[in-house]
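Hi everyone, thanks for coming. I'd like to walk you through a structure, so have a look at it first.

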Amino acid sequence: MKKIVHVVLLVVCLASCKKADLTKVDEVFWVRNQGADMPVHIHGNLTNSIILLIVHGGPGGSGLDYRWGKYTVPLETKYAVAYWDQRGQGMSHGKYTEVDLTVDKMVSDLDAVVRVLNNKYDDAKIIVLGHSWGGTLTAKYMVSENVHSSVSAWIESNGAHDIPKLNRDAINMFKAVANNQIIQGNNISNWSEVLDWANSVDTNNISEDESFEINSKGFEAENWLTEDGLIKSSESGGNEVPYLTGPVNPLTSFISGGITNFKLSPEIEQLSLTDQLYKVTIPTLVLWGRYDFVVPQTLGYDTYNNISSTKKEIVIFEKSGHSPMSSEWEPFSDAIISFIDSL
Amino acid sequence: MSCKKIIIFALLSLGQMVYAQEDTLRGKVPFSFSYYGNTLVHKGFKLSADWILLEIKKTKINKKRQKVVHKRIYATPNIYYYKHVKSHDALQLGLDLLSRRSNHKGWFREVGSGYGYLRIYNAGDTYIVNADQNSVVNQKYASRGYFTVNSSFAAGRKIQLQNSSYLTPFLRLNAGFVMNYNSSFILNTSLEFGVRFAFSYNPKRGKYLIIEKTKDKQRK
């Protein structure tokens, strides 16, 4: 009987000593910074000690929104991917006033997340990927002259680092694409309407309301181009996060994100970082969809041409709009993998 | 036998045991236990006790029959817990004021509102970067507290088991706000499905105010 007990104890001991599988990491932790508690979900392969930190769009999105879609499958196979919910978005919670809801505070949050990742995962290499609004936030961090040494590279995908320029360029893009589509006989009534509207906007004096209109018409225009086959529709499959029962409560995320977006908008509308991009010296990859009306590709070239990094690349996805990771997931993930492997 | 069948069988059996709607446990404090589903799906439970403050008994006498309707006001201290997997656990202490209207058949509907103190516990570790900017502190099960306001609607039916005990299955929908959440507030919704019960050994309420009103239409 004693022997049996010893064997059972040995088996239990060995089972508990089993090393965690670093090729399939699935964990959540929180970062507390200046009144906010923000969840970070880590999925993927940690054996290479490379973490791809996704900085989501919006403001009003959530980190795990970016886990949907096929592009994360090859990325999580090679690297650990960190999905972070920014202050006042997703499942982040906390107590702070409107004064603490600024882009600078969010940059401080991003820095805290980077430092925690670096500390928790024993000096892992961190690559920061910002999409859309996440591109704004990461750009602001990259020009802050306070970038942590563990940040090995920056990936900007369709990032809105200069809103006044974005608005001007979007109006010009609406005009150019609308004229072209009308000539080709695609969606003539819709494009004619957009052309009339774009012609009526004074690009030297774009109001906040017009800026919101540019954003919503941008998504609308992408739908027409998807119907006409110029933008590839997104493919289903890949890593799916349960919608209702998953870690993100859609109602909480929607309301929190909406409020944060509303409160941050006045500051964001004025944000222009083009003249500070020269401060970026780390390796940078710029990824953009050709038909992105929400953040036109001219901003991608703006980043590429103005940063001081000696290692820099730009990839334009010819059949994509604002979300190349959905439209052309394979070339998108390939571009990221070949860039990271070249570091 | 599947779980569903057992529940149906148990409810039917309870139905057979009903033999009186006369409230013999008016002086007892009933307790409730319910499944608490935050946003319907995040599982938890809720415990509460109904402390009756006032009862208004209305009797309507027609030519054919007599109809008795009870309106009761309760102060209901409650505690609930739910787990949102891979996000957080939450524990709330609250106090609701409920207005319940029940008829002679045992059916009731209820509206209520209340306040609470909600504590949200982060799942996993919570890290804070130290002032030196290089080291981090790890807090296990870190939490934050919030005040909540809540309103609810419930319906159910009282089933008398014996002279000395009863069960009341009920369904309650809660909607409210978690205040000072981030820089403003957040909507909080939940669904409860549970049972209120009073057995002979439940604590006694003692005396409370009862107002009786009678409308006799026969006199006309």
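I'll talk about chain B, then the nonpolar cores, then the place where the two chains touch. Keep in mind that this is a predicted model.

Okay, chain B. It has 1 helix and 13 strands. Start at the N terminus and you meet the helix, and after that it's strand after strand. Chain B has 220 residues, and 30% of them are buried. Now take the contacts in chain B between residues at least 6 apart in sequence: 61% of those join residues at least 24 apart.

On to the cores. The largest nonpolar core holds 90 residues, and A:Leu53 and A:Ala82 touch the most other members. Which helix gives this core its largest share? That's α5 of chain A, residues 163-184, with 8 residues. Apart from that core there's another one, of 10 residues, including B:Tyr36 and B:Leu118. Back to A:Leu53 for a second: among the residues it touches are A:Ala82, A:Trp84 and A:Ile127.

Now, where do the chains meet? Here 33 residues of chain A are in contact with 27 residues of chain B. On the chain A side, β1 gives the most, with 7 residues. Other elements supply at least two residues each, among them α3 (103-120) and α8 (250-269). By class, that side of chain A has 15 nonpolar, 10 polar and 8 charged residues.

One last thing about β1 of chain A: 3 bridges join it to β7 of chain B, residues 125-129, and the two strands run parallel. If you want a spot to zoom in on, A:Trp30 stands opposite B:Thr126 in that β7 strand.

Key. Residues are numbered from 1 along each chain as its sequence is written. Chains are lettered from A and ligands numbered from 1 in the order in which they are written. This is a predicted model: local features need pLDDT of at least 70, side-chain atom pairs count only at pLDDT 80 or more; totals for chains, interfaces and linings use all residues. Helices (H or I, at least four residues) and strands (E, at least two) are DSSP runs, numbered from the N terminus. A residue is buried if 20 or more other C-beta atoms lie within 10 Å of its own, exposed if 12 or fewer, and partly exposed in between; C-beta atoms are placed from the backbone. Two residues are in contact if their C-beta atoms, placed from the backbone, lie within 7 Å. A nonpolar core is a set of buried Ala, Val, Leu, Ile, Met, Phe, Trp, Tyr and Cys residues joined through C-beta atoms within 7 Å. Ala, Val, Leu, Ile, Met, Phe, Trp, Tyr, Cys and Pro count as nonpolar, Asp, Glu, Lys and Arg as charged, and the others, Gly among them, as polar. Two strands pair if DSSP finds at least two bridges between them. Lists of a residue's contacts leave out its neighbours within four places in sequence.
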